[in-house]
Structure formats: structure tokens, C-alpha cells
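User: I have a protein model open and would like to learn how to read its features. Can you take me through them?

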Amino acid sequence: MIFFVHILLLLFNMTNIVFCNIETENRIARGLRITGGQEASISSAPFVASLQRTKNSLAMHICGAVIVSKSFLLTAAHCITDRDKTKGDKPYKLSNPQEHLVSTGSRYVERGKIRMVYRFFVHPEFNARELLNDFGAIAVMKDFSYNFKTQPATLPKGDARETSERLNELFLAKVECKAYSWGGTNAKSYTILKVVSLHLIDSTRCKRILSENRLGRLNEDFQFCTLEESDSPNDACQSDSGGPLVCNGVVWGLVSWGEGCYRTGNPAVYARADVASRWLREVVYVSPLGGRRRSNSHTCLISSTKNIILIILILLCA
């Protein structure tokens with residue numbers, strides 16, 4: 001009997017591997033995943049969320065997201081769009097929100113409070129080829145209930161001139177920023193929230209590096225870069241776009257794109273959250289959501305499987 005219980009416990013732990021620890025294919029350009037860094041508690045970043053895609057009743061983490069209000073999250077636009085070559089100058093279409101959910105309130109990507117997605121928004125000037133205006137918003141079916149593990153992020157306030165000046169001050173002061181994500185070593189998935197310390201670099205320098213290495217282009221009106229010294233293992237790597245970069249307690253960037261997983265001398269590019277903040281206030285927050293939003297307590301197959309195993313264990317040990 002004891003042997004049988006041990007087998008069930010092993011199966012219980014394996015459900016994380018079978019159903020949760022799955023990476024999805026990058027759907028647009030070059031997504032990022034944090035490498036290096038340390039494990040973090042959700043209470044240190046209660047605004048961080050996991051955007052997940054469902055398939056055959058299984059949920060798969062695809063991107064990071066940031067809680068910005070009781071109804072909305074902010075993420076990268078390329079996280080909520082799919083390629084569509086028939087669209088001409090906009091070669092993408094919105095993903096189906098009914099195939100997505102968000103998980104919040106836990107450092108484990110598969111154990112958070114689940115909410116279904118009601119609607120996606122993408123910045124009207126999103127450029128899918130160069131990832132300019134890489135801003136997306138998520139409206140959830142049921143509003144968040146705030147507690148010490150679930151809180152909205154602080155976003156930059158002010159007009160374009162004011163926030164650009166403050167962003168430059170962060171660079172000049174060599175402020176240590178923190179990126180939060182479900183990263184991993186190399187390109188493998190990692191189900192525990194991680195935090196890594198990063199530093200901003202001058203836009204001129206970032207443009208030069210990107211141009212010399214033929215990696216892409218930077219538009220400082222919508223993007224900025226981080227770059228660590230060659231002896232540092234910290235970076236952003238594949239598959240966790242949409243996660244936040246926090247400087248002095250304010251979310252200034254969303255992970256957008258980069259080249260590979262910590263390749264010496266290559267910057268990581270972030271979408272500017274101050275630009276996204278103005279878009280949220282002017283467009284997203286004032287958009288009517290309609291009356292279809294409702295209370296939901298959906299549970300994905302992961303939780304159902306674990307509950308079944310727990311019930312069996314309880315009955316055996318009773």
C-alpha cells in the first residue's frame with residue numbers, strides 16, 4: 001500500500017511536467033525568456049501574470065503579462081496575434097481570446113488563480129515585422145480581487161516629453177532594473193517566477209550594435225534596450241515576451257525582442273510602457289466591454305488531475 005501511495009505521489013508531481021512545462025513555438029519574430037537571475041516570490045511582483053493558451057483542455061504558458069487594473073492586463077502585441085500573410089501591410093490577426101486564460105497570484109506558472117480572457121486589444125500602429133508599438137491589452141472575463149499577491153503595476157505618468165526625460169535619467173543614473181518572468185536556463189521552460197537585474201543602455205549605442213550585427217532596428221520613441229557586461233549571465237531569452245521591466249518600482253518596459261539567449265554583446269529590446277500607458281488611458285480603458293463579462297471559476301485540466309490524485313491519496317491514507 002505504501003508503495004502504491006508513493007507511485008501516486010510521483011504521478012502527482014509529474015502533472016507539472018506533462019501538462020505545464022511546455023513551450024510554445026515563437027509565433028512572431030524573436031520572443032524572450034529570462035536567463036540567469038534568481039527565483040522570486042509573487043508578493044515581490046504581485047502585478048506579474050502568466051498568459052496561457054488552451055488546447056484540448058490543457059493550458060500552456062506562452063507569454064508574460066502585467067496587471068494594470070481590475071479588468072485589464074498589458075502584454076506584448078505579438079503575444080496575442082497570429083501570422084496572417086493575407087493581411088497585406090498588417091500581416092497578423094488577433095488570436096482567439098476564448099482559447100486563452102491568465103494565471104495570477106502565484107510564483108508557480110501552473111498554480112495561480114485562473115481567469116478566462118474576454119477580449120484582446122492591439123495598438124492600432126503595431127508593426128508586426130519590426131515589432132514597433134508592440135503593445136497588447138487583455139480584458140479578463142472576471143475582475144481581479146486585489147490582495148498582497150495580486151496588485152496592479154505602477155506605470156509611468158506624464159506626456160511623451162516628461163516620460164522620455166525620466167527614462168533618460170534612469171540610464172544616466174545607472175539604475176538597476178529588474179525583469180520578472182518565468183524564465184529558465186538556456187531555452188528550457190521554468191515554472192517558478194524569476195527575477196534578473198538589468199541596466200539600460202544608450203539608444204545610440206543600441207542602434208549601432210543592432211545595425212552592425214544585422215539584428216534589427218530600434219525606434220527610441222517606442223523602444224529602449226538593456227545590455228549587461230560580458231561576464232554577466234543575466235539576459236532575456238526566448239519565449240517570455242510581455243513580461244515587465246521594473247525600474248525604481250515603476251514598470252517601464254515590456255519584454256519585446258532580442259537575438260538568442262544571452263549572446264555576448266547583444267541587447268534586449270523592450271517596448272516602452274509609458275507609451276502603452278497613454279494608449280491604455282486614451283483608448284483601452286474607455287472602450288465598452290459589453291454585458292457578456294461574467295463571473296467565472298474555470299479550472300484547467302491540471303488542477304482537475306491533481307485534485308483527483310489528492311482525493312485518492314486522502315482515501316488511501318484515511
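Analyst: We will go through the barrel, the cores, the disulfides and the aromatic rings. Keep in mind that this is a predicted model.

User: Let's start with the strands. How do strands of a sheet pair?

Analyst: They pair through backbone hydrogen bonds, either parallel or antiparallel. Here, 6 strands form a closed barrel in the order E3-E4-E5-E10-E9-E8, and the pairing is antiparallel. On average, neighbouring strands of this sheet are turned by 45° against each other, direction ignored.

User: Which strands does E9 pair with, and over how many bridges?

Analyst: E8, residues 100–104, pairs with E9 in the antiparallel sense over 4 bridges. E9 and E10 also run antiparallel, joined by 5 bridges. To find these pairings on screen, start from Thr 104, whose bridge partner in E9 is Lys 113. Then go to Val 122, whose bridge partner in E10 is Gly 136.

User: Is E9 largely enclosed or open?

Analyst: Count its buried residues. In E9, 8 of the 10 residues are buried, so the strand is largely enclosed by the rest of the structure. As a general point, side chains in a regular strand alternate between the two faces of the sheet.

User: On to the interior. Which residues have the most contacts inside the largest nonpolar core?

Analyst: They are Phe 47, Phe 121, Tyr 180, Val 251, Trp 279 and Leu 280. This core has 37 residues. Strands E4 (58–67), E5 (72–75), E9 (113–122), E10 (136–140) and E17 (250–258) each give it two or more residues, as does helix H4 (273–284). The largest share comes from H4, with 6 residues.

User: What does the second core include?

Analyst: Cys 63, Ile 67, Cys 79 and Cys 225 are among its members. This core is separate and has 32 residues.

User: Some of those are cysteines. What is a disulfide?

Analyst: It is a covalent bond between the sulfur atoms of two cysteines. The count here comes to 3 disulfides. Let's take them in turn.

User: What joins Cys 63 to Cys 79?

Analyst: A disulfide, with an S to S distance of 2.1 Å. The torsion about its S-S bond is about -85°, so this disulfide is left-handed. Cys 63 lies in E4, and Cys 79 in the loop between E5 and strand E6 (81–83), so the pair ties together parts that are 16 residues apart in sequence. Both Cys 63 and Cys 79 are buried.

User: Is the link of Cys 177 and Cys 247 left-handed or right-handed?

Analyst: Right-handed, with 110° about the S-S bond. The S to S distance is 2.0 Å. This pair links distant parts of the chain, 70 residues apart: Cys 177 is in strand E11 (residues 177–181) and Cys 247 in strand E16 (residues 244–247). Cys 177 is buried, at a relative accessible area of 0%. Cys 247 is buried too, at 1%.

User: Where do Cys 206 and Cys 225 lie?

Analyst: Cys 206 lies in helix H3 (residues 203–212) and Cys 225 in strand E14, so their link ties together parts that are 19 residues apart in sequence. Their sulfur atoms are 1.9 Å apart. The S-S torsion is about -70°, so this disulfide is left-handed. Cys 206 is buried, with a relative accessible area of 0%. Cys 225 is buried as well, with 2%.

User: Now the aromatics. What describes a pair of aromatic rings?

Analyst: The distance of the centres and the angle of the planes. There are 5 aromatic pairs here. In one of them, Phe 224 and Tyr 270 have ring centres 5.7 Å apart and planes at 10°, so the pair is stacked. The stacking cut-off is under 30 degrees. Phe 224 sits in strand E14 (residues 223–226) and Tyr 270 in strand E18 (residues 268–272), so the pair ties together parts that are 46 residues apart in sequence. Both Phe 224 and Tyr 270 are buried.

User: Which residues do ring pairs link into a cluster?

Analyst: Phe 72, Phe 121 and Tyr 285. You have met Phe 121 already, among the residues with the most contacts in the largest nonpolar core.

User: And which charged ends sit over rings?

Analyst: One is that of Lys 70, which sits over the ring of Tyr 146, 5.3 Å from its centre. Another is that of Arg 111, over the ring of Tyr 108, 4.2 Å from its centre.

Terms used. Residues are numbered from 1 along each chain as its sequence is written. This is a predicted model: local features need pLDDT of at least 70, side-chain atom pairs count only at pLDDT 80 or more; totals for chains, interfaces and linings use all residues. Side-chain values use heavy atoms; hydrogens and water are left out. Rings of Phe, Tyr and Trp (its six-membered ring) pair if their centres lie within 6.5 Å; planes under 30 degrees apart count as stacked, over 60 as edge-to-face and the rest as tilted. Buried means under 20% relative accessible area, exposed over 50%, partly exposed in between (1.4 Å probe, protein chains only). A charge sits over a ring if NZ of Lys or CZ of Arg is within 6 Å of the ring centre and within 35 degrees of the ring normal. A nonpolar core is a set of buried Ala, Val, Leu, Ile, Met, Phe, Trp, Tyr and Cys residues joined through side-chain atoms within 4.5 Å. Two strands pair if DSSP finds at least two bridges between them. A disulfide is a pair of cysteine sulfur atoms within 2.5 Å. Axes are lines fitted to C-alpha atoms, for helices over the stretch in contact, and angles run from 0 to 180 degrees between N-to-C directions.
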